[in-house]
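Visitor: I have a chain open on my screen and would love a walk through it. Could you show me the structure and take my questions one by one?

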Amino acid sequence: MNAFEKLRLLSLITKMILNKKENTKQINFSSSQKNSIAVQISSFFRNAIMLFTPGIFIVMLFISSNTFGLQSYSVVLMWGSEGSKIAEFNYPHSIVVDPTGHVYVTDENNNRVQEFDSNGTFIRKWGSNGSSEGQFLKPEGIDLDSSGNVYVADTGNSRIQKFTSNGTFINKWGSEGLGDGQFSGHAHGVDINQANNVYIVDRDNSNIQMFSNNGVFITKWGSNGSNDGEFNKPHSSAVDNDGNVYVSDMFNFRVQKFTSNGTFINKWGSYGSGNGQFKQPAGIATDAFSNVYVVDKSNNNIQKFTNNGTFITKWASKGNEKGQISGAEDIFVDSSGDVYVADTGNSRIQKFNTY
C-alpha cells in the first residue's frame, strides 16, 4: 500500500469514527459494552499499526478513546497536608503549572503562594497577611503569562498583583467598587490568553473583566441573572486555543462559552449529579485539544467535555483516599494532558493522568 492509499484509508477510518460518535454521543454504554468496544478497537489497531507510522497510529488511538469515552484517569502524584509549614496548605485554592512543570498554588488562609517542582518538591514561597505590595488577604485565582510572570487575585484586598516567577513584586491594580477595573471584594478567577490579556472573574459583581498584562482595563461583560451572558456567582474562566473563553457559572449550574471579547456562543449544564450536570461547578480548564475540564465542588467529581459541551468522561468521588477529592476549588491541564487538582478540603494537590 502506497502513501496515498494509506492516507485515503486513514481519512475513511476517521470519518467512520466521527460518524459513530455523532450517532452514539447520547448513549451511555454499560461496562460490558465499553469492554466489547475496547476489544474491537484493540483488534482493529493491531492491524492498523502494520499500515501506518507510529505518529499516525497515536492520533487514531486518541480519536477512538475520545469517541467512545473510554479514557480513565488515575493519580500519578500527590502531595500536601494541612498546616502552615512549607509544603503544607490551609485552603489551597488555585493552581497553575508552567512549561517546565513547576506548580504554583495560592495557599489562601496562609496568605501566600507556594511553588513546587514537577515532583511536588517545595521550591519557594512568598506573601504574608496584609495589604502592602507582595502581601495578601485571602489570595485565590492564579495564572502565568508567556514570560512566566505570575498574576494573583488578591481577593480580600480587591486587587490583582503581578510578580516575577520567583515572587518579586512587579505591579498591582484594582480597588473595591463597581466601576471598570474595580472589584466587589471577591476578585476570583484569573486566566491569561495567548495575547497576554488578563481575564478576571469578579464573583460578586457577576462579570468578567479583561485587562492588558499591565493592568489597563480593556472591556467587561456580564451581570447578575440566568439569561445567556448573565451569571450567578461565576467562579473561574479558561481560554482555549482559538481564544474562546469558558466560564463556570456556579449557581446557574452551567458553563458558558464566549468569544475573546465576551460575545455569547454556547452554554451547557443543569442542576444535578448526572453526566453533564453540576451542583457547584468551580475550577475550569482546557487542554491542548480545547477539551474543557470542570471540577464540581459539591458533586466532588471532575467532568471532561468537548469544546461544544459534549460529555466525554468523568472521575473522582468524595473522600480523602487517593483519587478522591473534597470541595476541590481548581483544576489545571498541562501541555502533556496531565490534570492537576487543588484538592482544597483535603489540603493537598493531586495529579492525574490517563491510562
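Visitor: How many bridges join strand 2 to strand 3?
Guide: Happy to start there, with a word on the source: this is a predicted model, where local features need pLDDT of at least 70, side-chain atom pairs count only at pLDDT 80 or more, and totals for chains, interfaces and linings use all residues. Residues are numbered from 1 along each chain as its sequence is written, and side-chain values use heavy atoms, with hydrogens and water left out. Strands are DSSP runs of E with at least two residues, numbered from the N terminus, and two of them pair if DSSP finds at least two bridges between them. Strand 2 and strand 3 (residues 103-107) run antiparallel, and the number of bridges joining them is four.

Visitor: Which residue in the turn of that hairpin has a positive phi?
Guide: Five residues lie between strand 2 and strand 3 in this hairpin. On the paired strands, proline 92 stands opposite aspartate 107. In the turn, the residue with a positive phi, of about 95 degrees, is glycine 101.

Visitor: Is strand 2 enclosed or open, judging by how many of its residues are buried?
Guide: Buried means under 20% relative accessible area, exposed over 50%, and partly exposed in between, with a 1.4 Å probe and protein chains only. Six of the six residues of strand 2 (residues 92-97) are buried, so the strand is largely enclosed by the rest of the structure.

Visitor: What stands opposite proline 234?
Guide: Look at strand 14 (residues 234-239), where six of the six residues are buried. Four bridges join strand 14 to strand 15 (residues 245-249), and the two run antiparallel. They form a hairpin with five residues between them, and glycine 243 in the turn has a positive phi of about 85 degrees. Across from proline 234, in strand 15, is aspartate 249.

Visitor: Which strands are the edges of the open sheet with the order 18-19-20-21?
Guide: This sheet has four strands, and the pairing is antiparallel. An edge strand here pairs on one side only, and that describes strand 18 and strand 21 (311-315).

Visitor: Which residue stands opposite phenylalanine 305?
Guide: Strand 20 (residues 301-305) pairs with strand 21 in the antiparallel sense over four bridges. The partner of phenylalanine 305 lies in strand 21 and is phenylalanine 311.

Visitor: Which residues have the most contacts inside the largest nonpolar core?
Guide: A nonpolar core is a set of buried Ala, Val, Leu, Ile, Met, Phe, Trp, Tyr and Cys residues joined through side-chain atoms within 4.5 Å. The largest one has 15 residues. Strands giving two or more residues to this core include strand 22 (330-333) and strand 23 (339-343). The residues with the most contacts inside the core are Ile302, Ile331, Val339, Val341 and Phe352.

Visitor: How far apart are the closest N and O atoms of aspartate 338 and lysine 351?
Guide: A salt bridge is a side-chain nitrogen of Lys or Arg within 4 Å of a carboxyl oxygen of Asp or Glu, and the structure holds ten of them. Aspartate 338 and lysine 351 are both buried. In their salt bridge, the closest N and O atoms are 3.7 Å apart.

Visitor: Is aspartate 180 buried or partly exposed?
Guide: Aspartate 180 forms a salt bridge with lysine 220, with the closest N and O atoms 3.1 Å apart. At a relative accessible area of 48%, aspartate 180 is partly exposed.
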